[in-house]
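Student: I have a model open on my screen and I would like to learn how to read it. Could you walk me through some features?

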Amino acid sequence: TTRIERHYYDVVVIGAGGAGLRAAIEARLAGKKTAIISKSLFGKAHTVMAEGGAAAAMGNVNSRDNWQVHFRDTMRGGKFLNNFRMAELHAKESPQRIWELETYGALFDRTKDGKISQRNFGGHEYPRLAHVGDRTGLELIRTLQQKIVSLQQEDKREHGDYDARIKVFAETTITELLLDGDRVAGAFGYYRESGEFVLFEAPAVVLATGGVGKSYKVTSNSWEYTGDGHALALRSGATLINMEFLQFHPTGMVWPPSVKGILVTESVRGDGGVLKNSEGKRFMFDYVPDVFRKQYAETEEEADRWYTDPDNNRRPPELLPRDEVARAINSEVKAGRGTPSGGVYLDIASRLPAEEVRRRLPSMYHQFKELADVDITKQPMEVGPTCHYVMGGVEVDPDTAAAAGSVRGLFAAGEVSGGMHGSNRLGGNSLSDLLVFGKRAGQYAAAYVDETAATRAKVRTADVEAAVDQALAPLAREAGDNPYTLQQELQAVMGDLVGIIRRKGELENALVRLAALRERVATVKATGGRRYNPGWHLALDLRNMLVVSECTARAALEREESRGGHTREDFPKMAPHWRMVNLVCSLDGDKVRLEHQPLPKMRPELITLFDRTELAKYLTDEELADFDALAA
Ligand code: FAD
């Protein structure tokens, strides 16, 4: 028989990024025995890579800022598809979550009078991002880890054991959630290094597993981001929403192939970098949409003057919102004016003296030197859109973070959850999202454990055996496709057919190809044994990537409009009647089911924060009539 290590916890948190750590702290503070599980090393989550800052309407730099303005900006950014209650809670609670981090030991940059400094960012009306230089995510993770250590020291004093009430299981991957009827009963997985299995029995599980980017060939995401939490939720009876909405960042590296997708910071363009096609043309002037025309320069001369005299000139079109720039680059490449490696040129070398480039963009200088052997003070960079963030995710109750659907005891927070950002996320709103909803998930998971204490959910032996069989199957097979081949094929389908610009025929083709891939993934073969075997791990991840990709492709085919992170070439406009619809994904056996669900109606005191002229861009006539009745 297979050896399985067993643990008993009250709350199991899957994921050790900002959302997971904040949830775990809250569950432990509520007195619950808590486990934190992380697929990679402790501290190496996407959260650590975030640079810009955490958005919170503290009003430190501009006292006119408040939660209402932040709420409005967030709803606009998401093109009104956001779950309004989540956007409201996020705007109201972010400042407290940031201040609280300082009580854990965070040190944010300060204003002259000693307040937490806040910086400007796209889509935010006032300076709003609390930051620590350009390594805010690192400070966030460092502080949350420090808080956990201090709680463990408390437990050592009280119980003689650091791990008595909160323990980290690093390099441990969860492959299956176990149920007792409609209730969560535990989580099953393996240790990455030894390949040994481990079972966590717990009545409450918090999903905080982050994103799905590794289903795309070009992505800023790292290897762990295979949509595990999304898939675990689906398989346990929870639902996903908004899966058609992915954020493509316009500038990722495109060469060499081994580093394709790694992020090239927006600061390159902010500091004067320009985009050119293979003919040397600064093409962004051709891509300024009508709604933005008044705010953007029409000539290169005017655009260049803006950097030194922003009051009397308009912004360069290279600084349009991310989705616009990403689409423009995509069009140039498709029209045959791309670079040999399929990107466009980003040129800072001819714009600033070499020493200035090295001073302002030291990490970009190093990144290109080391990874691509390109000296950005002498040569242009090759860049193209890269899959960066998923707006869609586990459908949750906005107040409690409890997963919707048929399962109880399951909670989700951070990038793995859906609704908060609607069709497009504003920069900086992710870090604050993690803190606000991470805390709520931990709090309500703990409360759920108390409520259900009388009848603790039990793991069934047969389910554990099934999870073991499922995990060992790729190693046991005589023959089958290689996991790396299958991942490449999946990435090609998603990148080519469900990418930044989508078309009906291509999406239909994608679904056919995903169905074929799904069958091959069901018989994937990994060579070697259980000790540290990345091929085996990928074979297990593929099952998750496939089902989540199918949700994205289906929702993208269904939504016949363009909004935020979903662009349909055949339906290029935003359609008011689609604003009233969330597309909900669930599993029926192993079939993906897609349903329309009406969006919750914004409460009167929230909708009246907007002007009628603005609402008219988004709402149906019927909704506008309701608004008029309210306003009257
Ligand atoms: P993550 O931080 O992604 O952590 C997920 C955790 O889940 C990890 O510990 C992982 O190991 C674990 N996990 C996953 N699957 C499993 C499994 N099966 N079993 C066990 N553990 C599992 N946002 C901003 O607001 N501002 C920025 O400036 C910014 N810059 C960014 C730069 C880059 C390069 C990237 C990639 C993202 C950036 N983002 C930024 C987005 C933001 O960083 C992420 O959305 C956010 O950190 C996600 O946090 P999270 O806690 O939800 O998950």
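Tutor: We will go through two sheets, a loop, a core and a helix in turn. Keep in mind that this is a predicted model.

Student: Let's begin with sheets. What holds the strands of a sheet together?

Tutor: Strands in a sheet pair through backbone hydrogen bonds, in a parallel or an antiparallel way. Here, one open sheet has 4 strands in the order 1-10-9-8, with mixed pairing.

Student: Which strands stand at the edges of that sheet?

Tutor: Strand 1 (4-8) and strand 8 (172-180) do. Each has a single partner strand, so one of its sides has no neighbour in the sheet. On average, neighbouring strands here are turned by 25° against each other, direction ignored.

Student: How many bridges are there between strand 8 and strand 9?

Tutor: These two strands pair over 8 bridges in the antiparallel sense. To find one of the pairs, look for Thr172, whose bridge partner in strand 9 is Tyr191. Strand 8 and strand 9 also form a hairpin with 2 residues between them. In that turn, Gly181 has a positive phi of about 65°.

Student: And how does strand 9 run relative to strand 10, parallel or antiparallel?

Tutor: Strand 9 (residues 183-191) and strand 10 (residues 197-201) run antiparallel and are joined by 5 bridges. Two pairs to look for are Tyr190 with Phe197 and Gly186 with Glu201. This is a hairpin as well, with 5 residues between the strands. Gly195 in its turn has a positive phi of about 75°.

Student: Is strand 9 mostly covered or mostly open?

Tutor: Mostly covered, as 7 of the 9 residues of strand 9 are buried.

Student: Which helix packs on this sheet?

Tutor: Helix 12 (residues 461-476) does, and it touches strand 1, strand 8, strand 9 and strand 10. The direction of helix 12 makes about 145° with that of strand 8.

Student: Now the second sheet. What is the order of its strands?

Tutor: This open sheet has 4 strands in the order 13-16-15-14, and the pairing is antiparallel. Strand 13 (246-253) and strand 14 (274-276) are the edge strands, each pairing on one side only. Neighbouring strands of this sheet are turned by 45° against each other on average, direction ignored.

Student: Which residues could I use to find the pairing with strand 16?

Tutor: Start with strand 13, which is joined to strand 16 (residues 381-390) by 6 antiparallel bridges. His249 stands opposite Thr386, and Gly252 has Gly384 as its bridge partner. On the side of strand 15, there are 3 bridges to strand 16, again antiparallel. There, Leu346 stands opposite Met381.

Student: Why is strand 16 called largely enclosed?

Tutor: Because 10 of its 10 residues are buried, strand 16 is largely enclosed by the rest of the structure.

Student: How should I read a loop residue, say Asn313?

Tutor: Ask where it sits and what it touches. Asn313 is in the loop between helix 7 (300-306) and helix 8. With 17 other C-beta atoms within 10 Å, Asn313 counts as partly exposed. Leaving aside neighbours within four places in sequence, Asn313 is in contact with Ala297, Glu302, Arg305 and Trp306. Asn313 and Tyr296 are 17 residues apart in sequence, and their C-alpha atoms are 8.6 Å apart in space.

Student: What about the core? Which residues have the most contacts inside it?

Tutor: In the largest nonpolar core, which has 178 residues, they are Val206, Leu207 and Phe411. Helix 15 gives the most to this core, with 14 residues. Try selecting Leu207: not counting residues up to four places away in sequence, its contacts include Ile14, Gly229, Val394 and Phe411.

Student: Then let's finish with helix 15. How do I read a helix?

Tutor: An α-helix has 3.6 residues a turn, so residues three or four places apart point the same way. You can also compare length with expectation. At 1.5 Å a residue, the 25 residues of helix 15 (residues 534-558) should span 36 Å, and its end C-alpha atoms are 35 Å apart, which agrees.

Student: Where is the kink in helix 15 centred?

Tutor: On Asp541, where the kink is about 30°. Helix 15 is also largely enclosed by the rest of the structure, because 22 of its 25 residues are buried.

Note on methods. Residues are numbered from 1 along each chain as its sequence is written. This is a predicted model: local features need pLDDT of at least 70, side-chain atom pairs count only at pLDDT 80 or more; totals for chains, interfaces and linings use all residues. The expected span of a helix is 1.5 Å times one less than its number of residues. The bend at a residue is the angle between axes fitted to the seven residues ending there and the seven starting there. A residue is buried if 20 or more other C-beta atoms lie within 10 Å of its own, exposed if 12 or fewer, and partly exposed in between; C-beta atoms are placed from the backbone. Two strands pair if DSSP finds at least two bridges between them. Axes are lines fitted to C-alpha atoms, for helices over the stretch in contact, and angles run from 0 to 180 degrees between N-to-C directions. Two residues are in contact if their C-beta atoms, placed from the backbone, lie within 7 Å. A nonpolar core is a set of buried Ala, Val, Leu, Ile, Met, Phe, Trp, Tyr and Cys residues joined through C-beta atoms within 7 Å.
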